[in-house]
Structure formats: structure tokens, C-alpha cells
Amino acid sequence: DRVTATDIFVLLGSFKPTCGIVTSVKIYPSEFGLKRMADEDKVGPAELVDSEESSTNNNSEGAGFSVEKLREYQLNRLKYYYAVVECDSTATASAIYEMCDGMEYELSASRIDLRFIPDDMEFDHDPISIANEIPAGYKPPEFNTSALQQTQVKLTWDETDYKRQKAISKNYTKEELKDIDFKEYLASSDDEEEEEEEE
């Protein structure tokens with residue numbers, strides 16, 4: 001939920017050999033993720049919907065959900081997307097693999113799982129995030145995966161987009177305001193019309 005292609009590009013770029021190049025990073029939705037997100041749009045998270053009937057057991061949280069079902073859901077969310085990293089050579093890719101496979105991202109408790117894929121592999125869906133350079137003033141995201149390290153699991157299904165929260169709470173200069181694409185932070189009228197039609 002919190003990691004973009006830019007974050008991965010910066011991270012893996014810091015482990016590449018001196019003469020190596022990370023060409024690009026693209027994040028794609030997985031088939032599993034697309035199906036689950038479509039279902040969630042209709043009825044919500046499957047694990048939580050199924051657990052509502054049994055939420056009176058001793059393993060329930062204040063919100064009425066089973067803690068273990070909530071943890072299961074949050075762990076499944078880690079499979080909704082995958083990133084494809086392109087390097088200039090096999091040597092660069094191998095060096096990054098040796099250094100980063102299994103490594104924890106920042107202090108998030110999320111570990112990096114790297115695999116090699118064929119150069120001619122084709123993807124059925126468009127990437128949702130692409131990076132091929134480090135933006136000026138880049139700062140890595142600060143987050144943790146509570147399902148992997150805490151007894152109190154945080155539900156992230158309907159949380160406010162953290163980038164939107166960050167953007168609306170910052171004090172911008174007039175010059176910065178000119179460069180902002182506000183469409184990224186506003187709901188579209190199409191979404192509102194769809195909701196009205198459903199009612």
C-alpha cells in the first residue's frame with residue numbers, strides 16, 4: 001500500500017555495482033490482487049465478511065473482527081502487487097539479488113522477495129507505478145506492516161491515502177502550488193455519478 005516504484009528504484013539503486021544501472025522499476029497488479037480488489041469493492045474484505053458471524057468469540061477485537069482474520073487479510077494484501085526491476089545487465093541484477101533478497105525494507109517488517117524472470121516476459125496489465133529516476137527531494141515512506149510484528153493489527157482497507165494526507169497537511173509556497181496536480185488528490189465526478197446510479 002505504501003511502497004511506490006520510486007521507493008524500490010531508490011532502494012535497489014543503492015545496492016547496484018558501481019558500474020551497474022537500474023534501468024526502471026514498474027509495479028503491476030497481480031491476478032490475485034485484481035480479483036480481490038474487485039470483490040472488496042462489492043462486499044469488502046472476504047476474511048472480515050466471513051468473520052462477522054464469528055466475531056463474538058474470545059479472539060475478537062473491539063471493532064468486531066477476529067484479530068487472526070484481520071491479520072490474514074493484511075498479509076494477503078501483500079500479494080496484491082509485484083514489481084518488475086529492469087537492469088542493464090545480468091551482473092547488475094545478480095549483485096542486487098545477492099544483496100537484497102530477503103532483506104527488510106526500512107523498519108517495516110516487510111521483506112524483499114526477489115526472483116529472476118525472462119527478458120521476453122509479457123504482462124497482461126498496465127503498471128500502476130513506474131520509476132526510472134530519483135526525484136529531487138525524495139524521502140522514503142515511513143510505515144510498518146503491523147500484521148507481521150504487532151499483536152494489534154491495523155486495518156488498511158479503507159484508510160485515507162497517505163499521500164493525500166501528506167499533501168493536504170503541508171504548507172505549500174505559491175511556486176509549489178503551481179506544480180501540483182490536484183486531480184491526483186480529488187475524487188472524480190465519475191465516481192460520484194456511479195454512486196448515485198447505484199442508489
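Student: What share of the 199 residues of the protein chain count as buried?
Tutor: Happy to start there, and keep in mind that this is a predicted model. A residue counts as buried when its relative accessible area is under 20%. Across the 199 residues of the protein chain, the share that meets this is 30%.

Student: How much surface does the protein chain expose, and what part of it do carbon and sulfur atoms supply?
Tutor: The exposed surface of the protein chain comes to about 14,000 Å². The part of that area supplied by carbon and sulfur atoms is 49%.

Student: How many helices and strands does the protein chain have, and in what pattern?
Tutor: Let's count and then read along. The secondary structure comes to 9 helices and 3 strands. Following the sequence, the pattern is α-β-α-α-α-β-α-β-α-α-α-α.

Student: What percentage of contacts with a separation of 6 or more is between residues 24 or more positions apart?
Tutor: Contact here means heavy atoms within 4.5 Å. Among contacts in the protein chain with a separation of 6 or more, residues 24 or more positions apart account for 72%.

Student: Which residues does Ser-24 touch, leaving out those up to four places away in sequence?
Tutor: Ser-24 sits in strand β1. Its relative accessibility is 7%, so Ser-24 counts as buried. Setting aside residues up to four places away in sequence, Ser-24 touches Phe-9, Val-84, Val-85, Glu-86, Ala-131 and Asn-132.

Student: Is Ile-21 buried, partly exposed or exposed?
Tutor: First, find Ile-21 in the loop between α1 (5–13) and β1 (22–29). Apart from neighbours within four places in sequence, Ile-21 is in contact with Lys-16, Cys-87, Asp-88 and Thr-92. The relative accessible area of Ile-21 is 48%, so Ile-21 is partly exposed.

Student: How far apart are the C-alpha atoms of Ile-21 and Glu-86?
Tutor: Along the chain, Ile-21 and Glu-86 are 65 residues apart. In space, their C-alpha atoms are separated by 8.8 Å.

Student: How many salt bridges does a search of the whole structure find?
Tutor: Good thing to look for! Side chains of opposite charge can pair when their charged atoms come close. A search of the whole structure finds this many salt bridges: 4.

Student: Which parts of the structure does the salt bridge between Glu-86 and Lys-26 tie together?
Tutor: The side chains of Glu-86 and Lys-26 meet at 3.9 Å, N to O. Glu-86 lies in strand β2 (residues 81–87) and Lys-26 in strand β1, so the pair ties together parts 60 residues apart in sequence. Glu-86 is partly exposed at 35% relative accessibility, and Lys-26 is partly exposed at 24%. The parts you asked about are strands β2 and β1.

Student: In which helix do Asp-39 and Lys-35 both lie?
Tutor: Asp-39 forms a salt bridge with Lys-35, with the closest N and O atoms 3.2 Å apart. Asp-39 counts as partly exposed at 31% relative accessibility, while Lys-35 counts as exposed at 54%. The two residues are 4 residues apart, about one turn of the helix, and that helix is α2.

Student: Are Arg-77 and Glu-40 buried or exposed?
Tutor: The side chains of Arg-77 and Glu-40 meet in a salt bridge of 3.7 Å, N to O. Arg-77 lies in helix α4 (residues 67–77) and Glu-40 in helix α2, so this pair ties together parts 37 residues apart in sequence. As for cover, both Arg-77 and Glu-40 are buried.

Student: Which residues gather in a patch of negative charge on the surface?
Tutor: One member, Glu-31, lies in helix α2 (residues 31–43). The full patch of negative charge gathers Glu-31, Asp-119, Asp-120, Glu-122 and Asp-124.

Student: How far apart in space are Ile-130 and Thr-6, C-alpha to C-alpha?
Tutor: Look for Ile-130 in strand β3 (residues 129–131). Leaving aside neighbours within four places in sequence, Ile-130 is in contact with Ala-5, Val-25 and Lys-26. Ile-130 and Thr-6 are 124 residues apart in sequence, and their C-alpha separation is 7.1 Å.

Student: Is Lys-139 buried or exposed?
Tutor: Lys-139 has its place in the loop between β3 and α6 (146–149). Its C-alpha atom and that of Val-10, 129 residues apart along the chain, are separated by 9.8 Å. The relative accessible area of Lys-139 is 64%, so Lys-139 is exposed.

Note on methods: Residues are numbered from 1 along each chain as its sequence is written. This is a predicted model: local features need pLDDT of at least 70, side-chain atom pairs count only at pLDDT 80 or more; totals for chains, interfaces and linings use all residues. Side-chain values use heavy atoms; hydrogens and water are left out. Buried means under 20% relative accessible area, exposed over 50%, partly exposed in between (1.4 Å probe, protein chains only). Patches are made of residues with over 30% relative accessible area and no salt bridge: like charges are joined within 9 Å, nonpolar side chains (Val, Leu, Ile, Met, Phe, Trp, Tyr) within 5 Å. Accessible areas come from the Shrake-Rupley method with a 1.4 Å probe; for residues, only the protein chains shown count as cover. Lys and Arg count as positive and Asp and Glu as negative; His and the chain ends are not counted. The place of a charge is taken as NZ of Lys, CZ of Arg, CG of Asp or CD of Glu.
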